[in-house]
Amino acid sequence: MSSIPEWLKNMLAAIGGGTVVLVGVLTVFKGLLVKLFETGIESSFEKKLEKFKNNLKRSTTAYEILLDREMRFYEKIDPITAELVPLEHDLLYYLKYNEEGDRAKQSETFRAYFKRYCELEKELKNEILIHHSYIPQAIFDAYTSVIKQMHGDILLWFDMAKLLFSGEYDKIDYEKCEDAIDTLFRHLASAETMVRKRLKELSGKDTL
């Protein structure tokens with residue numbers, strides 16, 4: 001009993017001493033210690049759980065915002081690309097000579113389509129720049145290639161327009177225009193393929 005603290009000896013003596021009493025006291029203390037220990041662990045676990053839940057909520061909210069911005073980009077470019085495809089064909093069509101056509105009307109129609117082409121190039125460029133931070137780099141690069149091609153083709157269409165307005169149909173390079181259209185469509189098809197692949201990844205489905 002020499003290893004028992006003096007204060008515990010005195011308490012045991014006051015109670016009546018004996019092994020039974022000692023065991024009883026130690027059992028009471030053990031119960032208190034275990035309870036305190038469990039309470040401490042439970043409190044610590046609850047705090048960590050609450051912290052984890054808060055972090056998870058913030059992360060989920062941030063992800064939802066990023067995903068919403070990315071989806072908005074795809075919604076914005078859909079009508080642009082849908083208009084661009086037939087517009088390219090119309091530009092080439094109104095460059096061609098038509099014996100029965102009104103050249104002045106043909107020139108004005110081409111001018112309107114060419115103006116719209118330039119507007120679509122700006123709209124697509126703006127959407128790409130606005131959503132740069134929210135879309136995958138590969139998709140950004142793909143649509144940047146589309147923009148570069150469109151921007152480069154503006155000078156070609158402008159030069160062909162001058163020949164159209166002056167009635168010099170024989171000098172219009174139709175083959176070069178067709179090549180420009182094919183190249184743009186290849187860039188556009190590549191970008192749209194990447195978008196479909198991205199949407200498939202997000203949906204978790206093998207096929208769309």
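In this predicted model, the side chains of Lys162 and Asp159 meet in a salt bridge, with N and O 3.8 Å apart. Both residues belong to helix 4. They sit three residues apart, about one turn of the helix. Lys162 is partly exposed, at 44% relative accessibility. Asp159 is also partly exposed, with a relative accessible area of 30%. Elsewhere, salt bridges that share partners link Glu83, Arg116, Glu119 and Glu123 into one network.

The structure contains ten salt bridges. One of them pairs Glu70 with Arg198, at 2.6 Å from N to O. Glu70 is in helix 2 and Arg198 is in helix 5, so this pair ties together parts that are 128 residues apart in sequence. Glu70 is buried, at 3% relative accessibility, because the cut-off for buried is under 20%. Arg198 reaches 22% and therefore counts as partly exposed.

Another salt bridge joins Lys125 to Glu121, with the closest N and O atoms 3.5 Å apart. These two residues are four apart in helix 3, so about one helical turn separates them. Lys125 is partly exposed, at 32% relative accessibility. Glu121 is buried, with a relative accessible area of 3%.

The fold behind these pairs is helical. The chain has five helices and zero strands. Along the sequence, the pattern reads α-α-α-α-α. Of the 208 residues, 26% are buried. Among contacts between residues at least 6 apart in sequence, 72% join residues at least 24 apart. The exposed surface of the chain is about 14100 Å². Carbon and sulfur atoms supply 58% of that area.

The largest nonpolar core has 40 residues. Within this core, Tyr117, Leu124, Tyr143 and Trp157 touch the most other members. At least two core residues come from each of helix 2 (19-93), helix 3 (103-130), helix 4 (137-165) and helix 5 (174-203). Helix 4 contributes the most, with 14 residues. Trp157 has many partners beyond its neighbours within four places in sequence; among them are Glu88, Leu91, Leu92 and Leu95. Trp157 is also in contact with Phe110, Phe114 and Tyr117. Cys177 and Ile181 are further contacts of Trp157.

Aromatic rings form six pairs in the structure. In one of them, the ring centres of Tyr94 and Tyr113 are 5.6 Å apart and the planes meet at 35 degrees, so the pair is tilted. Tyr94 lies in the loop between helix 2 and helix 3, whereas Tyr113 lies in helix 3, so the pair ties together parts that are 19 residues apart in sequence. Tyr94 is partly exposed, with a relative accessible area of 23%. Tyr113 is partly exposed too, at 27%.

The rings of Tyr97 and Tyr169 have centres 4.9 Å apart and planes at 70 degrees, so this pair is edge-to-face. Tyr97 is in the loop between helix 2 and helix 3, and Tyr169 is in the loop between helix 4 and helix 5, so the pair ties together parts that are 72 residues apart in sequence. Tyr97 is exposed, at 53% relative accessibility. Tyr169, by contrast, is buried, with a relative accessible area of 12%.

Phe73, Tyr74 and Tyr143 form one aromatic cluster. Tyr143 is also one of the residues that touch the most other members of the largest nonpolar core. A charged side chain meets a ring as well: Arg111 lies over the face of Phe165, at 4.6 Å from the ring centre.

Key. Residues numbered from 1 in each chain as written. Predicted model: local features only at pLDDT ≥ 70, side-chain atom pairs only at ≥ 80, totals over all residues. Heavy atoms only, no water. Core = buried A, V, L, I, M, F, W, Y, C linked by side-chain atoms within 4.5 Å. Buried < 20%, exposed > 50% of the residue type's maximum accessible area, 1.4 Å probe, protein only. Contact = heavy atoms within 4.5 Å. Salt bridge = Lys/Arg side-chain N within 4 Å of Asp/Glu carboxyl O. Areas by Shrake-Rupley, 256 points an atom, 1.4 Å probe, with all protein chains shown as cover. Phe/Tyr/Trp six-rings, centres within 6.5 Å; stacked < 30°, edge-to-face > 60°. Lys NZ or Arg CZ within 6 Å of the ring centre and 35° of its normal.
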